[in-house]
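Let's walk through this one piece by piece, starting with the layout of one chain and ending at the DNA. Have the structure open while you read.

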2 protein chains.
Amino acid sequence: MQTKIVAFIERLQQVTTFDGIQRLIEQLRDLYQVEHLIYHSVNSAGEPYAALTYSLDWVDHYLEQDYGRIDPVVLGCYQRFHPVDWKRLDWSSKRVRNFLLEASDAGIGNQGFSIPIRGPNGQFALFTVNHRCSDEEWLRFTDAHVRDLLLIAHYVNQKALEVERGTDRLPDQSLSPRELDALTMLGMGKSRGHAAEILSISEHTLRVYIESARFKLGAANTTHAVALAMARGKIIV
Amino acid sequence: MQTKIVAFIERLQQVTTFDGIQRLIEQLRDLYQVEHLIYHSVNSAGEPYAALTYSLDWVDHYLEQDYGRIDPVVLGCYQRFHPVDWKRLDWSSKRVRNFLLEASDAGIGNQGFSIPIRGPNGQFALFTVNHRCSDEEWLRFTDAHVRDLLLIAHYVNQKALEVERGTDRLPDQSLSPRELDALTMLGMGKSRGHAAEILSISEHTLRVYIESARFKLGAANTTHAVALAMARGKIIV
DNA sequence: ATTACCCTCCCCATTTTCGGGGAATTATAA
DNA sequence: TTATAATTCCCCGAAAATGGGGAGGGTAAT
């Protein structure tokens with residue numbers, strides 16, 4: 001069994017394009033004989049990327065409906081450190097059950113196992129195995145392959161980051177100490193006036209920091225700037 | 001070497017109080033013969049807790065100065081999934097270098113290794129080993145003990161959560177779907193008017209959601225509500 | 001079936017923030 | 001050293017948010 005993963009990692013090293021990752025994901029699905037395999041990520045600029053074996057119809061529908069915001073797999077893994085079996089997630093809300101029905105119709109299996117991954121600057125990725133089978137079968141599968149999957153998830157993410165770095169993007173905008181102070185205060189719920197008082201600067205000055213931070217982050221308004229700074233790990237509230 | 005950790009885990013099971021955890025941390029420091037051992041966490045309500053071997057003076061100073069917001073160890077690990085050696089963190093800013101000098105004066109060693117941990121509802125914890133030695137010595141130490149430390153970090157966090165659950169806290173406030181929608185839109189930078197339009201409701205209605213979400217989250221204003229919802233993993237922007 | 005919560009709509013007055021300007025001194029870095 | 005960035009201060013009008021109030025219909029659970 002170990003030869004599988006060794007061969008895979010060797011082949012992964014050759015890959016230099018997103019297409020290559022996609023093909024590898026498909027080969028991996030066949031190798032492990034599961035219904036679906038999904039790698040998807042959101043980089044620091046918020047751009048999504050995915051290599052997966054779901055039907056394109058489902059992917060389009062998912063994106064159109066912005067299901068990433070209610071999908072318990074995404075929500076549940078976003079802040080988690082450890083891989084999680086889909087059974088352990090929260091499927092209780094009505095909206096989610098509806099989503100589940102649609103997913104099932106689109107050919108998504110009832111069993112799933114997802115591995116969250118985090119990269120630099122808030123980059124977030126998920127590596128998911130999906131299958132349709134009984135709980136017992138699934139338990140046997142996961143027990144047998146968790147280690148492999150962890151390694152694969154890690155390597156695939158590394159490769160995706162590497163390939164993406166080729167597509168040169170805007171450099172990571174760094175915020176000045178005062179800008180971080182300002183955003184932190186606002187994120188903590190202080191009003192501009194109070195925040196300025198705490199930082200011992202005029203309210204006007206505070207506003208300059210917020211403005212420049214907003215500009216650097218490409219944020220539409222103050223709330224957005226705070227949200228982006230948080231999402232990118234620049235501040236903690 | 002393995003007997004060390006087995007004995008530790010057994011003793012850990014007996015612990016039922018915060019004081020017990022503190023004593024165990026001290027014993028662990030002696031066991032591994034390092035300068036300092038630190039476990040600290042922030043729960044879903046934002047309350048900090050720590051069991052550590054730093055001097056109380058330094059802890060007081062750290063809290064008073066709110067160094068948690070600039071400490072590269074905290075910042076760097078907050079969004080990371082994997083343990084990290086302090087050398088790999090970003091110590092470049094002036095403010096940080098100053099912090100480092102103060103820390104060194106307070107008896108904190110030059111070498112460190114921190115393990116981030118995440119629990120339910122945005123709970124975040126750090127397990128850190130600190131020592132004063134050369135890079136080579138430190139490499140030998142970490143190489144020899146990473147596995148142990150990972151396990152210990154995990155068990156200590158579990159125990160801390162368990163002990164904390166005893167001190168019954170306010171139940172986790174759940175937000176309604178529409179409240180989540182509203183906060184998500186604002187977190188994405190939409191204005192109230194635009195957000196209402198996207199959600200196909202009146203701007204007045206949107207405001208009701210924001211107000212109730214703010215109330216539930218105990219937030220002072222909209223920006224705060226979005227920040228809290230993000231920190232608690234309720235929304236993704 | 002009653003309670004409770006969710007969703008939707010509306011008014012008003014007050015406070016706060018936004019987005020455009022401009023300008024000075026001090027650090028930091030190339 | 002010279003440029004670039006950071007830090008600090010200021011004005012103003014338009015726009016948005018806040019904090020009260022009230023009201024009706026729906027759904028879900030007890």
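What does the domain assignment of chain A give? Domain 1 covers residues 2-166, and domain 2 covers 177-231.

## Layout of chain A

Before going further, keep in mind that this is a predicted model. In chain A, the centres of domain 1 and domain 2, taken over C-alpha atoms, are separated by 36 Å.

## Where the two chains meet

On the protein-protein side, 37 residues of chain A are in contact with 37 residues of chain B. Putting the chains together buries about 3,100 Å² between them, and 59% of that sits on carbon and sulfur atoms. On the chain A side, the residues losing the most area to chain B are Q79(A), F81(A) and I236(A), which together make up 25% of what that side buries.

As for charge pairing, the rule picks out two salt bridges across the interface of chain A and chain B. D181(A) forms a salt bridge with R95(B), with 3.1 Å between the closest N and O atoms. Counting polar contacts between chain A and chain B gives nine residue pairs, both partners being at pLDDT 80 or more. If you want to know which parts of chain A to look at, α4 (72-78), β4 (111-118), α7 (177-187) and α10 (222-231) each supply at least two residues of the side that touches chain B. Sorted by class, that side of chain A has 16 nonpolar, twelve polar and nine charged residues.

## Around DNA strand C

Now for the DNA. Strand C is surrounded by 19 residues, and the closest are R214(A), T222(A), S176(B), S202(B) and Y209(B). Of the strand C atoms within 4 Å of the protein, 64% belong to sugar or phosphate, while the rest belong to bases.

Some individual distances are worth pulling up in your viewer. The side chain of R207(A) has an N or O atom 2.6 Å from a base oxygen of strand C. R207(B) also points a side-chain N or O atom at a base, here 3.4 Å from a base nitrogen of strand C. For the backbone, a phosphate oxygen of strand C is 2.8 Å from an N or O atom in the side chain of K94(B). The elements giving two or more residues to this surface are α9 (203-217) of chain A plus α7 (177-187) and α9 (203-217) of chain B. The largest share, six residues, comes from α9(B). By class, the surface near strand C has five nonpolar, six polar and eight charged residues.

## Around DNA strand D

Strand D has 17 residues around it, with S176(A), S202(A), Y209(A), R214(B) and T222(B) coming nearest. Of its atoms within 4 Å of the protein, 67% are sugar or phosphate and the rest are in bases.

R207(A) turns up again here, with a side-chain N or O atom 3.1 Å from a base nitrogen of strand D. On the phosphates, a polar side-chain atom of R214(B) lies 2.3 Å from a phosphate oxygen of strand D, and the side chain of K94(A) has an N or O atom 3.3 Å from a phosphate oxygen. Two or more residues each come from α7 and α9 of chain A and from α9 of chain B. For strand D, α9(A) gives the largest share of the surface, six residues. The class count near strand D is four nonpolar, six polar and seven charged residues.

How values were computed: Residues are numbered from 1 along each chain as its sequence is written. Chains are lettered from A and ligands numbered from 1 in the order in which they are written. This is a predicted model: local features need pLDDT of at least 70, side-chain atom pairs count only at pLDDT 80 or more; totals for chains, interfaces and linings use all residues. Side-chain values use heavy atoms; hydrogens and water are left out. Contact means heavy atoms within 4.5 Å. Buried area is the accessible area (1.4 Å probe) that two parts lose on being put together, summed over both. A salt bridge is a side-chain nitrogen of Lys or Arg within 4 Å of a carboxyl oxygen of Asp or Glu. A polar contact is a pair of N or O atoms within 3.5 Å; within protein, one must be able to donate a hydrogen and the other to accept it, and residues adjacent in sequence count only if both atoms are side-chain atoms. Helices (H or I, at least four residues) and strands (E, at least two) are DSSP runs, numbered from the N terminus. Ala, Val, Leu, Ile, Met, Phe, Trp, Tyr, Cys and Pro count as nonpolar, Asp, Glu, Lys and Arg as charged, and the others, Gly among them, as polar. A residue is near a molecule or strand if one of its heavy atoms lies within 4 Å of it. Domain bounds come from an automatic or database domain assignment.
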